[in-house]
Amino acid sequence: MRPTSDSNFERSQTTSSASSQPGSSQPASGGEVTDRGVTEEFYQLLTQHQSRLRGFVRCLLFNAAEVDDVLQETNVILLRKARGFQPGTNFWAWASTVARYEVLSHFKRLGRNKHVLNSELMQELVVVVEERLENLEERRSALSECFEKLTPARRQLLEMRYSLGHSIAAIAETTQRPAGSIRQTLYRIRQTLMACISARLKAGQTPGI
C-alpha cells in the first residue's frame, strides 16, 4: 500500500487522474500496476522523495504558497510521465530535473516583477542547491549506516538522549550510571560517528565501528 500522507502528493494524484486518458497502455516495467497504469514501485519512489523535492523547491522559492504550487505541479508532471521512467535508474536525478524546470517556469511567469532573479542567476542558484542537497543526502545516508554499526547499547543511549530528549540525569538514573560517565560515553559516540561518516564519504563505504 502506498503512503498518502502528503497533501500535495494527494492533490497531484487527483489532478493527474483527472487528466489521464482511458485505455492508456500499461508500463513496460514490472511491478503491481494501479488503475492509471503507474506501478506501485513508482508511487513508492515518488513518496520517498517528497521531502527532498520540497527541500529543493523551498531553497529556490521563499513564498510557502508558491512552494506548494510548484511542488504540486512537479508531482503532476512526474505522474504523467511515469511510464517513461526506467526502474533502476536515478529517480532523484530525473525528478529534480522536472522540479528545476517547474521552478524556472514559475520565475518566468513572474518575470515582470523586479524582485525576481534573472534566468542566468537562477540557473546558477539551482546548481548550488542541487550540489548541497546531494551532499546532505550522502551525509544522511552515511549517518544512518554508521548508526547501525554501533552496538545496541550505544544506539539505545543515543536514542534516549536525542530521539526521546531525556536529560543526562534521567539517563543516568535509568541506566544506573554516573552522569559524568554518560556524558563521556555520548561524547565518544559522537566522535566515532563523525569519524565513520567522514571515512564513508571519502572511501564510498562504511567501515566497521
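Two residues are in contact when heavy atoms of theirs lie within 4.5 Å. That definition is used below to describe how helices meet in this predicted model.

**Overall make-up**

The protein contains nine helices and zero strands. Along the sequence its pattern therefore reads α-α-α-α-α-α-α-α-α, where helices are numbered from the N terminus. Of the 209 residues in the protein, 35% are buried. The exposed surface comes to about 12,800 Å², and carbon and sulfur atoms supply 50% of that area. Among contacts between residues at least 6 apart in sequence, 61% join residues at least 24 apart.

**Helix α3 and its two partners**

Helix α3 covers residues 50-60. Two of its pairings are described here, one with helix α4 (residues 64-80) and one with helix α5 (residues 91-109). The table lists the values for each pair.

| Pair | Axes come within | Crossing angle | Handedness |
|---|---|---|---|
| α3 and α4 | 10 Å | roughly 130° | right-handed |
| α3 and α5 | 10 Å | roughly 30° | right-handed |

How are α3 and α4 oriented to each other? An angle of roughly 130° falls outside the ranges for roughly parallel, roughly antiparallel and roughly perpendicular, so α3 and α4 are oblique to each other.

On the α3 side of this contact are Gln50, Leu53, Arg54, Val57 and Arg58. They meet Val67, Asp68, Val70, Leu71, Asn75 and Leu78 in α4. Sorted by class, the contact of α3 with α4 has six nonpolar, two polar and three charged residues.

For the second pair, the axes of α3 and α5 cross at roughly 30°. Angles under 35 degrees count as roughly parallel, which means that α3 is roughly parallel to α5.

Which residues of α3 meet α5? They are Arg52, Leu53, Phe56, Val57 and Leu60. On the α5 side the residues are Trp92, Ala95, Ser96, Ala99, Arg100, Val103 and Phe107. The contact of α3 with α5 divides into nine nonpolar residues, one polar and two charged. Leu53 and Val57 of α3 appear in the contact with α4 and also in the contact with α5.

**Threonine 174**

Threonine 174 lies in helix α8, which covers residues 168-175. Is threonine 174 buried or exposed? Its relative accessibility is 55%. The cut-off for exposed is over 50%, so threonine 174 counts as exposed. Methionine 160 is 14 residues away from threonine 174 along the chain, and the C-alpha atoms of the two are separated by 9.9 Å.

Definitions and conventions
Residues are numbered from 1 along each chain as its sequence is written. This is a predicted model: local features need pLDDT of at least 70, side-chain atom pairs count only at pLDDT 80 or more; totals for chains, interfaces and linings use all residues. Side-chain values use heavy atoms; hydrogens and water are left out. Helices (H or I, at least four residues) and strands (E, at least two) are DSSP runs, numbered from the N terminus. Buried means under 20% relative accessible area, exposed over 50%, partly exposed in between (1.4 Å probe, protein chains only). Accessible areas come from the Shrake-Rupley method with a 1.4 Å probe; for residues, only the protein chains shown count as cover. Axes are lines fitted to C-alpha atoms, for helices over the stretch in contact, and angles run from 0 to 180 degrees between N-to-C directions. Angles under 35 degrees count as roughly parallel, over 145 as roughly antiparallel, 65 to 115 as roughly perpendicular and the rest as oblique. A crossing is left-handed if the near helix is turned anticlockwise from the far one by less than a right angle, and right-handed if clockwise. Ala, Val, Leu, Ile, Met, Phe, Trp, Tyr, Cys and Pro count as nonpolar, Asp, Glu, Lys and Arg as charged, and the others, Gly among them, as polar.
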